[in-house]
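Subject: Structure handover

Hello,

Here is the structure I promised to pass on. Please open it and keep it beside you while you read.

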Amino acid sequence: MSTSPAPVRRILIADDDPTILRSLSVHLDRWGYEAVPARNGAEALAALQGDDPPRVAVLDWNMPGVDGLEVCRQAREAQPLEPPYLILLTGRGGQEDLIAGLEGGADEYLPKPIDPDELLARLHAAWRIVDLQDRLSNRVRKLEALPPPADIVEENHAVLRQTLRLCAMTMEEVLTFQGLPRHLLIALRTCRGLCVEALGEGSEPGAINGKVR
């Protein structure tokens with residue numbers, strides 16, 4: 001039985017230097033990706049905010065007009081549930097610049113001049129995270145589409161109630177960690193809410209603490 005070929009993975013590359021843009025395009029093509037070139041930040045934003053945006057982007061920080069850091073901020077605002085994976089390229093090497101880039105929305109920070117082997121490794125890692133994000137998003141949508149529990153798990157099902165409470169409490173504790181990806185936050189909150197609904201207990205954070213028997 002024949003199977004359709006897997007779609008080519010598209011990667012946005014944005015740099016105002018045409019030599020670097022061309023070099024990145026050649027590397028991506030050799031690695032089996034489809035390059036989506038952008039000559040400046042405005043073109044990069046247009047691609048990331050379009051109907052079928054690339055899921056991974058490699059952005060130069062220093063571009064005229066809209067720089068790479070601003071592209072990161074606006075791209076995350078435009079796709080809050082399934083944001084692209086953003087790799088920021090820069091010749092800046094200071095720790096303050098690194099912190100500013102990551103806090104501005106970049107997922108990775110790659111120094112110039114670009115090492116092709118390092119870039120390829122970062123792209124492999126990026127697609128693993130994007131694939132995980134897609135799977136979590138699909139599962140959350142399926143969970144949200146389910147009807148609410150018709151019956152609450154009764155007290156005589158003590159082991160099941162304890163299991164649900166432990167699951168809900170574990171997810172609640174994980175949610176207190178700073179810096180969790182948004183797609184993971186959504187998945188955890190959805191699953192925690194379903195556990196609490198099945199228990200018939202309060203949905204506010206902390207409502208089930210101390211009830212494990």
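Below is what I found, from the whole chain down to single residues.

**The whole chain**

Start with one caution: this is a predicted model. The chain has seven helices and five strands. Follow the sequence and you meet them in the order β-α-β-α-β-α-β-α-β-α-α-α. There are 213 residues, and 36% of them are buried. Now take contacts between residues at least 6 apart in sequence. Of these, 65% join residues at least 24 apart. The exposed surface comes to about 12,300 Å². Carbon and sulfur atoms supply 55% of that surface.

**Two cores**

The largest nonpolar core has 19 residues. Within this core, Leu12, Ala44, Leu48, Leu59, Leu86 and Leu88 touch the most other members. Six elements each supply at least two of its residues: β1, β2 (34-38), α2 (41-48), β3, α3 (68-78) and β4. The largest share, four residues, comes from α3. There is also a second, separate core of 17 residues. Ile11, Tyr85, Ile87 and Leu110 are among its members.

**Helix α5**

Helix α5 covers residues 116-145. Does its length agree with its residue count, or disagree? At 1.5 Å a residue, its 30 residues should span 44 Å. The end C-alpha atoms are 43 Å apart, so the two agree.

Look at the start of α5. A side-chain oxygen of Asp115 comes within 2.9 Å of the backbone nitrogen of Asp117.

Many residues along α5 are buried, including Leu119, Leu123, Trp127, Val130, Leu136 and Val140. What do the buried residues of α5 pack against? The partners are β1 (10-14), α1 (18-30), β3 (56-60), β4 (85-90), β5 (108-111) and α7 (182-199).

Two residues of α5 deserve a stop. Gln133 sits in this helix. Gln133 has a relative accessible area of 4%, so it counts as buried; the cut-off is under 20%. A polar atom of its side chain lies 3.3 Å from the backbone oxygen of Pro83. Leave out residues up to four places away in sequence, and Gln133 touches Arg55, Leu81, Glu82, Pro83 and His183.

Arg141 is in α5 too. Is Arg141 buried or partly exposed? Its relative accessibility is 45%, so Arg141 counts as partly exposed. The side chain of Arg141 makes a polar contact of 2.5 Å with the side chain of Asn138. Now find Thr190. Arg141 and Thr190 are 49 residues apart in sequence, yet their C-alpha atoms are 9.5 Å apart in space.

**Helices α6 and α7**

Helix α6 spans residues 158-174, 17 residues in total. From first C-alpha to last, α6 reaches 24 Å, close to the 24 Å expected at 1.5 Å a residue. Its buried residues are Arg161, Leu164, Arg165, Ala168, Met169, Met171 and Glu172. Why do these residues line one face of the helix? Seen down the axis of α6, they fall within an arc of 165 degrees, so they line one face. A general rule helps here. An α-helix has 3.6 residues a turn, so residues three or four places apart point the same way. The face of α6 turned away from the buried side carries Val159 and Glu173, which are exposed. The cover over the buried residues of α6 includes α7.

Helix α7 passes the length check as well. Its 18 residues should span 26 Å at 1.5 Å a residue, and its end C-alpha atoms are 26 Å apart. Among the buried residues of α7 are His183, Leu185, Leu188, Thr190, Cys195 and Leu199. The buried residues of α7 pack against α5 and α6. After α7 comes Gly200, with a positive phi near 70 degrees.

**Asp15**

Finish in the loop between β1 and α1, where Asp15 lies. Is Asp15 buried or exposed? Asp15 is buried, because its relative accessible area is 1%. Its side chain reaches the backbone nitrogen of Asp17 at 2.8 Å. A polar contact of 3.0 Å also joins the side chains of Asp15 and Lys112. Set aside neighbours within four places in sequence. Asp15 is then in contact with Ile20, Leu21, Ala38, Arg39, Asp60, Met63 and Lys112.

Best wishes

Key: Residues numbered from 1 in each chain as written. Predicted model: local features only at pLDDT ≥ 70, side-chain atom pairs only at ≥ 80, totals over all residues. Heavy atoms only, no water. Expected span 1.5 Å × (residues − 1). Buried < 20%, exposed > 50% of the residue type's maximum accessible area, 1.4 Å probe, protein only. Contact = heavy atoms within 4.5 Å. Polar contact = N/O pair within 3.5 Å; in protein donor to acceptor, adjacent residues only side chain to side chain. Areas by Shrake-Rupley, 256 points an atom, 1.4 Å probe, with all protein chains shown as cover. Core = buried A, V, L, I, M, F, W, Y, C linked by side-chain atoms within 4.5 Å. Arc of directions from axis to C-beta.
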